[in-house]
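This briefing covers a predicted model. The topics are a helix and its surroundings, a sheet, and the contact between two domains.

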Amino acid sequence: MPLSPARPGSDERLARMVRVPTVATKGDKPFDRFVALLAAEYPLVHSRLTLETVTDRGLLYHWKGESDERPVVLMAHYDVVPAVPDGWIDDPFSGAIRDGAVWGRGTLDDKGPLLVVIEAVENLLADGFVPAQDVYLSFGGNEETYGDAAVAIAGLFRERGIAPWLVLDEGGAVVDAPLSFVPVASAMVGVGEKGIVTARLTVAGTGGHASAPPASSTAGRLARALRRLEKNPFPARMPRPFRQMIRAFEPHVSARYRVPLIVLRTLRGPAARILAARGGEPAALMHTTIAVTMLAGGSAANVLPSSLSAVLNIRVAQGESTESVVATLRRAIRDESVQIEVLEDSAPSPLSATDNEQFGLIRAAVDATYPGAITAPYVMMAATDSRHFHRFAPAVYRFSPLAMSAEQRASIHGANEFVTIDSLERGERFFQTLLRSL
Ligand SMILES: [Zn+2]
């Protein structure tokens, strides 16, 4: 089936979106302006789809298909993290277009991905296309601040008894070389995300004057607890998507890397332990990690503290729960005087399949728009809005069909964020292809 050509000027439309600074701290005005901008730029979407505003920042569009049996939800968010001009070549909210790219905060996260979804729908509507299945566009305006828009939208689906057949949200991208020795473009599709437990360890002290300290100090007990956590890491296990990803890479690496990769995925127990012991990103893929992020206590240089505390940021791997994490902490610390308090928790998501029709459609749309690219699954470390869907939607994927170099990925939440116009065109085609193939 022919794809309708992209309307010229999608780069201009993205630039206009970037110029509306939808940053949480700036109040409601930019958000209202952004919603009005969408209505003005996408007249067909706004006349043919029904739009519900869910809470103050959630936009839910419904495109009636020929059937409502296998509804599809395409997600994105239009809020962005703040940016100060320091370190940027252009003003972060100027929406400059140069060197074949659109520059500015949000071009990759997540206004670019939002644009390619809504462009595809507008162009298909112009063609008179009717999707085979119901399609929902779910755009949230407070993803970066863990707001309630996506929670409420997911709640609405559950309330109405609509179980999405496919949910696609931000996450992975088309990267030029996923590993230095895998020199081929890869569409990295997030099939799950780790959970988070934020916990506080507190050791109560006696207080009193620092001139006559006790033999066992409050600080010593807290330090011992932290040291024991470091010495007793969570068990390592190679997740299924990691093995599938390695398998997808194998045919594309030179002979001298192929055997090590095969060894890595077949000897998965020992390999997972070796990777976990090295720290950094490979380790984070293999197990639940603990980072000590804040230490607090003490009121004066000459007073014994009445309590000391440490905040732990724990990223929870599949197979663990908040309860199992707390039990493991308690076992490792082995000290009843150290209190463990859970401040915040969100369970790891289940893993979506890669051998189903949904993943096949994503792969086919990648093949059509990024010829030669591998489609490989992975587990994300960061959280996305799609996590609110996984309890009742079995096939949740996290992928933006935009090319992102290592430099571009580093610019997300950093300086000089940009998206190439070429990948905006490909991204729009990805969604046209996907929607035509339902
Ligand atoms: Zn984002």
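The expected span of a helix is 1.5 Å times one less than its number of residues. Helix α14 (residues 421-436) has 16 residues, for which 22 Å is expected, and reaches 23 Å from its first C-alpha to its last, close to that value. The domain assignment of the protein gives domain 1 (10-193 + 349-436) and domain 2 (195-346).

**Helix α14**

- In α14, 12 of the 16 residues are buried, so the helix is largely enclosed by the rest of the structure; a residue is counted as buried if 20 or more other C-beta atoms lie within 10 Å of its own.
- The buried residues include the nonpolar side chains Leu424, Phe430, Phe431, Leu434 and Leu435.
- Charged residues are also among the buried ones, including Arg426, Glu428 and Arg429.
- Ser423, Gly427, Gln432 and Thr433 complete the buried set of α14.
- The cover over these buried residues includes three helices, α1 (10-18), α4 (111-126) and α12 (357-369).
- Strands β6 (133-140), β14 (396-403) and β15 (418-420) are also among the elements that cover them.

**The four-stranded sheet**

- An open sheet is formed by 4 strands in the order β10-β11-β9-β12, with antiparallel pairing.
- Strands β10 (289-297) and β12 (338-346) are at the edges; each has a single partner strand, so one side of each is left without a neighbour in the sheet.
- From one strand to the next, the twist averages 20°.
- β9 (residues 195-204) pairs with β12 in the antiparallel sense, over 8 bridges.
- Within this sheet, Thr202 stands opposite Gln339 in β12.
- Helix α11 (residues 322-333) lies across β9, β11 (307-316) and β12, and runs at about 155° to β12.

**Contact between the domains**

- The centres of domain 1 and domain 2, taken over C-alpha atoms, are separated by 32 Å.
- Domain 1 contributes 15 residues to the contact and domain 2 contributes 16 residues.
- On the side of domain 1 that touches domain 2, the elements that give two or more residues are β8 (186-193) and β13 (374-380).
- β13 gives the most to this side of domain 1, with 5 residues.
- The residues on the side of domain 1 that touches domain 2 divide into 12 nonpolar, 2 polar and 1 charged.

Note on methods:
Residues numbered from 1 in each chain as written. Predicted model: local features only at pLDDT ≥ 70, side-chain atom pairs only at ≥ 80, totals over all residues. Pairing = 2+ DSSP bridges. Axes fitted to C-alpha atoms, helices over the stretch in contact; angles between N-to-C directions. Contact = placed C-beta atoms within 7 Å. Domains from an automatic or database assignment.
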